Structures are given as C-alpha cells and as structure tokens.
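Let's take a walk through this one, stopping at a few strands, helices and loops along the way. Have the viewer open and follow along.

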Amino acid sequence: MKVLLSPAKSLDFKSQIPTEKNSFLCFEKEAEYLNSILKRKSPKDLSDLMNISSKIADLNYERNHNWSLPFTKKNSRQAVYAFSGDVYRGLDAYSIDTNKIDYMHSTVRIISGLYGLLKPLDLIQPYRLEMGAKLTFDDNKNLYEYWREKITNQLNLELSEDEPVLNLASNEYFKAIDSKVVKTNVYSANFKQSKNGTYKTIAIFSKKARGMMTRFIIDNKITEISALKSFDYDGYVYHENLSSEKDLVFTR
C-alpha cells in the first residue's frame, strides 16, 4: 500500500530524531530550480504569493536564501520528522517502533510544492511553498502544471502490481496527481464527527485523523484496503452506510 499525505506549514527542526537512517530526493534538480525562482522574490512578493504575514514572509525569504545543496544531516532533516502540523501530530512519527520505520518509509509518500514527492526519510531543508500557490514560471501557469506528470509517473514507478493507493492528502495536494493515470486503484478515507444528529467533517479533527490512520497502517503493517475497516484509534469506527467501494468513511 502507498499512503499519500500532505506536508505541513509548521516545521520542527529541533527535536531529537529517533533514527540515523535517511534517503535523498528523487526530484532534487526540480527542487533546486524552484528554489532558484523563489530566491528572486522579495519578502513582499512571497507575502502576496502565499497570502502570508510580513513576518512569515521574512522568515521564508531567509529560508530560500539559506537553501543549498548538498543536503546533509547537519543542514537538513528527514521529512517525516520535519513536518509538525495536525496530520503529523496524529502520526507521531517520533514514537514509531524503530523496527517499523522501514515499513513507514516504503509505504508513506508526502506530496510537496517544492519537493514533488517525498519519502519519509528524504532529507529536506526548511521551506514554504503550497501546491496551490499561483506561481507562474516558464510555460507553467501553476505548480500543478509543473508537477502533475512528474509526480504521477514517479508514483507509478514505485507501485507494485495491484498495490493500492490510499489518499489521505488534502484536495489541494491530491490534485497534483493524475488519478486517472495511476496504474492501480486509488482509495480515500474521510472522517466525520457526530454533531446535532448528523455527521460533519471538521477540518482540524480530519487532519489529525489522517495522521492517526497512517499510524494505524504502520503499526499493523497493513497492505490491504479491507483491513482499514478495523481502524479504531481515538474512538473512530467504520461507517458502512456512509462509505462506498473506494471512499471509506469513519465516524465518532
């Protein structure tokens, strides 16, 4: 199984990493090229591009100019330990059993506006570039045009025959993949909360639940979609009536 996740805007480059294992980007040249474009932008340009405050724009202007190859353990960090948003709090990669890190590495893929497609142990440097940012360059109207074919082809290369894909990424990031071209079946999971007699999707809970389901898959080394129906972390249960063949719904 391949599990697709979004990255996070918030980063952690200080906590102690539980493993020395690391890997390297499959799209290093592409990331370097995109960073060269970002380096030419002023803090005001970055603020306008990503609708961020001047303080965050200044931080990312500095990040863009500090970004450099080669990536090493001294100037970089494994992606799964670098992201620290709600999804990654749900995943809690720091506490994963060390004998399951290799399984996580073979299973999880993180879609990124700067790095394309990341494996969990790929070294990255701090950045901010949302996939939905309206960055125009060369003949590309946006990052989707730049990345879609590249990411989809790479995912297909990594998929074994009949290996399912579980999309736990946000719509913003999943749109960077051409699901019609993915060579195996693509499934999704959604998480709803019971409120006033109905089930509603609440973003903050859904994000954390995506991370928890990823952790459930790693903890149990799940390879079959049907096994996901037993997901029960944090009070969630599979809701058959709300689900369809390729969209599994979990409620609490």
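Helices here are DSSP runs of H or I with at least four residues, strands are E runs of at least two, and both are numbered from the N terminus. Keep in mind that this is a predicted model.

## Strand E1 and its neighbours

Start at strand E1, which covers residues 2-5. Its side chains alternate: Lys2 and Leu4 point one way, Val3 and Leu5 point the other way, and all are buried. So yes, a lysine is on that buried list, because the cut-off for buried is under 20% relative accessible area.

Which strands does E1 pair with? One is E6 (residues 165-167), joined to E1 by three bridges in a parallel arrangement. Here Lys2 stands opposite Val165. Another is E3 (residues 108-112), again running parallel to E1 and linked to it by three bridges. In that pairing, Val3 sits opposite Val108.

## Helix H2: a buried side and an exposed face

Next up is helix H2, residues 43-50. Its buried residues are Leu46, Ser47, Leu49 and Met50. They span an arc of only 165° around the axis, so they end up on the same side of H2. Turn to the face pointing away from that buried side and you find Lys44 and Asp48, both exposed.

What do the buried residues of H2 pack against? Their partners are helix H1 (28-39) and helix H3 (54-66).

## How H2 meets H3

H2 and H3 pack with their axes 8 Å apart, at an angle of about 110°. Angles from 65 to 115 degrees count as roughly perpendicular, and therefore the two helices, H2 and H3, are described that way. The crossing of H2 and H3 is right-handed. On the H2 side, Pro43, Leu46 and Ser47 make the contact; on the H3 side, the contact comes from Ala57, Asp58, Asn60, Tyr61 and Asn64. Leu46 and Ser47 also figure among the buried residues of H2.

## H1 against H7

For a contrasting geometry, look at H1 and helix H7 (residues 143-158), whose axes come within 13 Å and cross at roughly 175°. With over 145 degrees as the cut-off for roughly antiparallel, that label therefore applies to H1 and H7. Which residues meet here? From H1 there are Glu30, Tyr33 and Leu34, and from H7 there are Leu143, Tyr146, Trp147 and Lys150.

## Backbone oddities

If you like checking torsions, this part is for you. Most residues other than glycine have a negative phi, and most peptide bonds are trans. Asn51 follows H2 and lies in the loop between H2 and H3. Its phi is positive, about 55°, although Asn51 is not a glycine. Is Asn51 buried or exposed? At a relative accessible area of 72%, Asn51 is exposed.

Asp234 also has a positive phi, near 55°, and is likewise a residue other than glycine. You'll find Asp234 in the loop between helix H9 (203-220) and strand E9 (237-238). With a relative accessible area of 45%, Asp234 counts as partly exposed. Then there's a cis peptide bond between Leu69 and Pro70, with omega at about 0°. Pro70 itself sits in the loop between H3 and strand E2 (77-78).

## Two buried loop residues

Thr19 belongs to the loop between E1 and H1. Its relative accessibility is 11%, so Thr19 counts as buried. What does Thr19 touch, leaving aside residues up to four places away in sequence? The contacts are Gln78, Tyr81, Ile101 and Leu121. Take Gln78: Thr19 and Gln78 are 59 residues apart in sequence, with a C-alpha to C-alpha separation of 9.4 Å in space.

Lys119 is in the loop between strand E4 (116-118) and strand E5 (123-124). At 16% relative accessibility, Lys119 is counted as buried too. Setting aside residues up to four places away in sequence, Lys119 touches Ser23, Phe24, Ala79, His105, Val108 and Arg109. Val108 has come up before, as the E3 residue opposite Val3 in E1.

Technical notes:
Residues numbered from 1 in each chain as written. Predicted model: local features only at pLDDT ≥ 70, side-chain atom pairs only at ≥ 80, totals over all residues. Heavy atoms only, no water. Buried < 20%, exposed > 50% of the residue type's maximum accessible area, 1.4 Å probe, protein only. Pairing = 2+ DSSP bridges. Arc of directions from axis to C-beta. Contact = heavy atoms within 4.5 Å. Axes fitted to C-alpha atoms, helices over the stretch in contact; angles between N-to-C directions. Parallel < 35°, antiparallel > 145°, perpendicular 65-115°, else oblique. Left-handed = near helix turned anticlockwise from the far one by under 90°.
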